[in-house]
Amino acid sequence: MPDNTEITDEITRTKRGRQLTWVVALSALALMFDGYDLVVYGTVLPTLMADPGQIGQLSAGQAGTLGSYALVGVLVGALSAGAVSDRIGRRKVVLASITWFSLGMAATAFAESIAVFGTLRFLTGLGLGAILATVGALVAEFAPPERKNRLNAIVYSGIPAGGVAASVMALIIDPSGSNWRILMAIGAAPLVLLLPFAIAKLPESQLWLDSRGQVATGPAAQEAVGFSALARRPLAFPTAVLGLMSFSGLLLTYGLNTWLPKIMEDNGYGKAYALTFLLVLNGGAIVGGLLASYVADRTGAKKVVSTTFVLAGCMLLLLPLGLPLSVLFPAVAIAGVGTIGTQVLIYGLVANFYPTRARGAGVAWCAGFGRLGGIVGPIIGGALVAAGVGGTTAFQIFAGVAVLGAVVTTVVPRSPEEPVLDVALEDGVPA
């Protein structure tokens, strides 16, 4: 018969398994709505540009700028959450973020002017940024070491899954006329479908709780916490490089999700085909990102990220060449792996790079600074469309960014050895 110690250990393992399942499921569902918000703007953009009666006369340049407002909010929200979650915990930030961005999406559906629409997009972005920056740290602190990349990929695949959902909904609900408001309102669903479960089932990170208690009284009491740790050795240089990686990945992610339907429509593909390309792009990111994360757990995320960046560059150069659809759709799917899927892997790489005392700030920095790339991407696309430049030039620019991302990835140093406190806690053994 098993002794009491074995029974206790089994109960503990079962409890941790249940907690991990809830953390991964709730985090992935929350990020689905980050992805939904990202892509739904691209699906309703042709309607807003074609019909001034919706929110006002919208030029291509204004549309690109308007698309960046949410990303500015994401930047501010991510950086703010990073400063807060390392000090007050992950759970509180996640619950507040779900509430905030759900209300923001609901309000955006009723916007009647460009100014109100842009303001609400910014405010919604605050909540989306906070959730984006926090769940990576939460998952990293619950996941076993041999599955960290895969579980992070599952969670962050919620973003392209949300993109797929937005694309499908736009195919089901024609965004013309006032129907675009329905598509925006769907983004408020987490308030009633997700938040109650998160309140009941989302645990606080025990690793964070232990770390905070021991940092306050133990030998690590003088170590910097949060953003102050990022500015000091040995984290300062890798933080800068990881930020540039995220900048490249998110420029590609937001640039393509915002403008791919419009560019492909301008290149002669019908509206349904243009939205289908968006669906294929995000679907490829989900499948390819999960497969790549499986490889990353065995060979290291850095090698995989640099490879997928190169794949993205190659595929983006092929897209405007008038390929037959039988070749074009796979090329778009692989481009999704190399852009959106790469960013999923970057989040996992970043979350697992930092020690507990700076993990929330590290993920927040890369999510926030990376959003500068997300802001630039739609603006570049809008400027090129407004100038009447063909899709070839746009895709060439995006391909160059992918190559830059691959180069930056190669100079990311090895993760510095974490303090004894963090290593002990990662193994589940009190220091």
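Which residues does Ala81 touch, not counting residues up to four places away in sequence? The views below, taken from a predicted model, start with that residue.

**View 1. Surroundings of Ala81 in helix α2.** Ala81 touches Val93, Ala130 and Thr134, leaving aside residues up to four places away in sequence. The residue belongs to α2, which covers residues 60–88. Its relative accessibility is 6%, so Ala81 counts as buried; the cut-off for buried is under 20%. Gly368 is 287 residues away along the chain, yet the C-alpha atoms of Ala81 and Gly368 are separated by 9.8 Å.

**View 2. Packing of helix α2 with helix α3.** Helix α3 spans residues 90–108. The two axes come within 7 Å and cross at roughly 135°. That angle makes α2 oblique to α3. From α2, the contact takes in Ala81, Val84, Ser85, Asp86 and Ile88. From α3, Arg90, Lys92 and Val93 take part. Sorted by class, this contact has 4 nonpolar, 1 polar and 3 charged residues. Val93 of α3 is also one of the residues listed for Ala81 in View 1.

**View 3. Packing of helix α5 with helix α15.** Helix α5 is formed by residues 148–156, and helix α15 by residues 325–353. Their axes lie 8 Å apart, at an angle of about 130°. This makes α5 oblique to α15. The crossing of α5 past α15 is right-handed. On the α5 side, the contact is made by Lys148, Asn149, Asn152, Ala153 and Tyr156. On the α15 side, Val344, Tyr347, Gly348, Leu349, Ala351 and Asn352 contribute. By class, there are 6 nonpolar, 4 polar and 1 charged residues.

**View 4. Surroundings of Asn149 in helix α5.** At 12% relative accessibility, Asn149 counts as buried. Residues up to four places away in sequence are again left out of its contacts. Asn149 touches Ser293, Ala296, Asp297 and Ala301, as well as Gly348, Leu349 and Asn352. Among these, Gly348, Leu349 and Asn352 are part of the α15 side in View 3.

**View 5. Helix α14, residues 301–318.** The helix has 18 residues. At 1.5 Å a residue, they should span 26 Å. The end C-alpha atoms are 26 Å apart, which agrees. Buried positions in α14 are Ala301, Val304, Val305, Ser306, Thr308, Phe309, Ala312, Gly313, Met315 and Leu316. Of these, Ala301 is also one of the residues touched by Asn149 in View 4.

Methods:
Residues are numbered from 1 along each chain as its sequence is written. This is a predicted model: local features need pLDDT of at least 70, side-chain atom pairs count only at pLDDT 80 or more; totals for chains, interfaces and linings use all residues. Side-chain values use heavy atoms; hydrogens and water are left out. Axes are lines fitted to C-alpha atoms, for helices over the stretch in contact, and angles run from 0 to 180 degrees between N-to-C directions. Helices (H or I, at least four residues) and strands (E, at least two) are DSSP runs, numbered from the N terminus. Angles under 35 degrees count as roughly parallel, over 145 as roughly antiparallel, 65 to 115 as roughly perpendicular and the rest as oblique. A crossing is left-handed if the near helix is turned anticlockwise from the far one by less than a right angle, and right-handed if clockwise. Contact means heavy atoms within 4.5 Å. Ala, Val, Leu, Ile, Met, Phe, Trp, Tyr, Cys and Pro count as nonpolar, Asp, Glu, Lys and Arg as charged, and the others, Gly among them, as polar. The expected span of a helix is 1.5 Å times one less than its number of residues. Buried means under 20% relative accessible area, exposed over 50%, partly exposed in between (1.4 Å probe, protein chains only).
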